[in-house]
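Reader: I like to know where labels such as "buried" or "salt bridge" come from before I trust them. Could you take me through a few?

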Amino acid sequence: MVRIVLLMVLFMIMAFTLVTNLVSKQTGRPGVNVMKEVSRTVNKTFGGAERMAPDLGQAIDRVDQQLSQLGKRGGAVGGDAGANANLNLSGANFAGVEAAKSIFAGVQINATQFTGALLDGASFEGATGASAKFAKARMTGAVFSAAKLPGVDFAGADLTQAAMRAGDFT
């Protein structure tokens with residue numbers, strides 16, 4: 001159905017272009033470059049996105065920066081559990097990052113900031129570290145089984161259906 005609509009729109013643009021250019025030749029006026037007009041309209045429509053959500057670009061830049069720093073440390077968030085084993089993320093700042101379903105299994109997170117992060121379904125299974133901050137983070141369905149995180153801060157965090165079996169959160 002979508003293809004038919006797109007084909008009809010394309011046909012209408014081509015017909016409009018043909019008629020406009022035939023009329024412009026007969027009247028001696030310049031023709032219309034339809035692609036240029038479409039491009040101008042698209043830029044006008046989507047060029048204002050930065051005005052509507054100015055923080056969006058900054059948030060994306062911050063996530064890119066955090067992920068590039070993570071890559072320099074030799075690990076990858078979101079990979080398999082073996083890829084993160086012994087990864088040291090101590091002192092890293094992941095505040096406000098959207099990392100749903102990411103795997104932080106076996107990582108060291110001493111004084112790591114996850115404040116306000118979106119970590120739904122993330123796995124911190126077997127993670128170790130002291131004084132990690134998960135304040136106001138959303139961690140629905142997160143797994144903290146066998147994690148040893150003394151002094152962890154879960155103030156205001158959403159831990160709905162989080163698994164915390166055999167963990168140390170003193």
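What follows is a chat about how some labels in this structure were earned.

Author: One thing up front: this is a predicted model.

Reader: Fine. What makes R138 and D120 a salt bridge?

Author: The closest N and O atoms of R138 and D120 are 2.6 Å apart. The rule asks for a side-chain nitrogen of Lys or Arg within 4 Å of a carboxyl oxygen of Asp or Glu, so the pair of R138 and D120 qualifies. By that rule the count comes to one salt bridge.

Reader: What does the pair of R138 and D120 tie together?

Author: R138 and D120 both lie in the segment after α5, so their pairing ties together parts that are 18 residues apart in sequence.

Reader: Why is D120 called buried?

Author: Its relative accessible area is 16%. Buried means under 20%, so D120 makes the cut.

Reader: And R138, what is that one called and why?

Author: R138 has a relative accessible area of 42%. Partly exposed covers the range between under 20% and over 50%, so R138 gets that label.

Reader: What else does the side chain of D120 reach?

Author: The backbone nitrogen of T140, at 3.0 Å. The cut-off for a polar contact is 3.5 Å, and the side chains of D120 and R138 also make one, at 2.6 Å. Setting aside residues up to four places away in sequence, D120 touches A100, K101, R138, M139 and T140.

Reader: How do you know that S123 is buried?

Author: S123 has 14% relative accessibility, and buried means under 20%, so S123 counts as buried. S123 is found in the segment after α5. Its side chain reaches the backbone nitrogen of E125 at 3.5 Å. Apart from neighbours within four places in sequence, S123 is in contact with S102, I103, F104, A105 and V143.

Reader: On to the rings. How many aromatic pairs are there?

Author: The structure holds 13 aromatic pairs. One of them is F94 with F104, at 6.3 Å centre to centre and 70° between the planes.

Reader: Why is the pair of F94 and F104 called edge-to-face?

Author: Ring centres have to lie within 6.5 Å, and planes over 60 degrees apart count as edge-to-face. At 6.3 Å and 70°, F94 and F104 pass on both counts, so the name fits. Both rings lie in the segment after α5, so the pair ties together parts that are ten residues apart in sequence. F94 counts as buried at 5% relative accessibility, and F104 is buried too, with a relative accessible area of 2%.

Reader: What makes F114 and F124 an edge-to-face pair?

Author: The centres of F114 and F124 are 5.5 Å apart, with 85° between the planes. Set against 6.5 Å and 60 degrees, those values make the pair edge-to-face. F114 and F124 also lie in the segment after α5, so this pair ties together parts that are ten residues apart in sequence. F114 is buried, with a relative accessible area of 0%, and F124 counts as buried at 0% relative accessibility.

Reader: Which residues do ring pairs link into a cluster?

Author: F94, F104, F114, F124, F134, F144, F154 and F169.

Reader: Last one: how do you know that the span of α1 is close to the expected value?

Author: Helix α1, residues 2-27, has 26 residues and reaches 37 Å from its first C-alpha to its last, against the 38 Å expected at 1.5 Å a residue. Just after α1, G28 takes a positive phi of about 80°.

Terms used. Residues numbered from 1 in each chain as written. Heavy atoms only, no water. Polar contact = N/O pair within 3.5 Å; in protein donor to acceptor, adjacent residues only side chain to side chain. Contact = heavy atoms within 4.5 Å. Phe/Tyr/Trp six-rings, centres within 6.5 Å; stacked < 30°, edge-to-face > 60°. Helix = DSSP H or I, 4+ residues; strand = E, 2+ residues; numbered from the N terminus. Buried < 20%, exposed > 50% of the residue type's maximum accessible area, 1.4 Å probe, protein only. Expected span 1.5 Å × (residues − 1).
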